[in-house]
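Let's take a walk through this protein model, one part at a time. Keep the structure open as you read.

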Amino acid sequence: MTYKFYGWEKADCHPINNEYKGIENPRDLYDALSNIWCEYSCGPRLRKDWSKDNKTLGQCSITSFLVQDIFGGKVYGILRPDGSYHCYNAVGNSVFDLTSEQFGDEKLSYENNPEQFREQHFADENKKQRYEYLCSELKKLNR
């Protein structure tokens with residue numbers, strides 16, 4: 001199967017725990033999240049533009065920290081023109097971005113970006129609640 005997210009071909013890392021049954025690699029997680037990402041889990045400033053056709057819009061940081069929970073590694077951020085950061089993951093030699101599709105044909109640079117930390121991102125209570133929503137819904141799928 002072919003995926004559209006950045007780095008999917010080499011996204012071969014494995015879970016560091018058994019918390020989410022049925023998730024064996026990032027492609028499995030992408031498949032599961034494709035049924036969970038929604039307007040509610042989208043960042044508030046982007047909700048008006050969210051659609052099932054652009055399901056990864058506004059989902060980057062909460063998805064990246066969930067990836068980190070499951071596979072380990074680090075979360076990095078690409079500085080965007082509005083001053084925000086678009087988050088993605090690096091686990092071992094694998095760099096991937098489950099939410100890159102939201103940028104269409106725009107080419108993002110996945111090199112030399114600053115590490116991102118959940119304490120900073122989850123200082124925003126809304127973002128923390130959206131992350132907890134993804135975790136909860138993913139657990140329901142994999143019972």
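## The sheet

Start with β1 and β4, which pair in the antiparallel sense over 2 bridges. One spot to look at is Tyr-76, whose bridge partner in β4 is Glu-115. Keep in mind that you're looking at a predicted model.

Now turn to the pairing of β1 with β2, again antiparallel, with 6 bridges. Here Val-75 has Asn-89 in β2 as its bridge partner. The two strands make a hairpin with 5 residues between them, and in it Gly-83 takes a positive phi near 90 degrees.

Next come β2 and β3, which run antiparallel and are joined by 3 bridges. Find Ala-90 and you'll see that its bridge partner in β3 is Val-95. Put the pieces together and you get an open sheet of 4 strands, in the order β3-β2-β1-β4, with antiparallel pairing. Which strands sit at the edges? They're β3 (94-96) and β4 (115-116), each pairing on one side only.

## A helix on the sheet

The sheet has a helix packed on it: α2 touches β1 (74-79), β2, β3 and β4. The direction of α2 makes about 15 degrees with that of β2.

## A salt bridge across the chain

How many salt bridges turn up in a search of the whole structure? The count is 9. One to look up is Arg-45 with Asp-82, where the closest N and O atoms are 3.2 Å apart. This pair links distant parts of the chain, 37 residues apart: Arg-45 is in the loop between α1 (26-33) and α2, while Asp-82 is in the loop between β1 and β2.

## The largest pocket

Arg-45 shows up again here. The largest pocket has a volume of about 410 Å³ and a lining of 21 residues, with Arg-45, Leu-46, Cys-60, Ser-84 and Tyr-85 lying nearest its centre. Three elements give two or more residues each to this lining: α2 (60-71), β2 (85-91) and α4 (125-141).

What's the mix of residues in the lining of the largest pocket? You'll find 7 nonpolar, 8 polar and 6 charged.

## The second largest pocket

The second largest pocket holds about 270 Å³ of space. Its lining includes Lys-4, Phe-5, Tyr-6 and Trp-8, along with residues such as Ser-100, Glu-101, Asp-105 and Tyr-110. Sorted by type, the lining of this second pocket has 5 nonpolar, 2 polar and 5 charged residues.

Technical notes: Residues numbered from 1 in each chain as written. Predicted model: local features only at pLDDT ≥ 70, side-chain atom pairs only at ≥ 80, totals over all residues. Heavy atoms only, no water. 1 Å grid on protein atoms, 1.4 Å probe; cavity = no way out; pocket = protein on both sides within 12 Å on 5 of 7 lines; lining within 4 Å. Points joined across faces, edges and corners; volume = space filled by probe spheres on them. Nonpolar A, V, L, I, M, F, W, Y, C, P; charged D, E, K, R; others polar. Pairing = 2+ DSSP bridges. Contact = heavy atoms within 4.5 Å. Axes fitted to C-alpha atoms, helices over the stretch in contact; angles between N-to-C directions. Salt bridge = Lys/Arg side-chain N within 4 Å of Asp/Glu carboxyl O.
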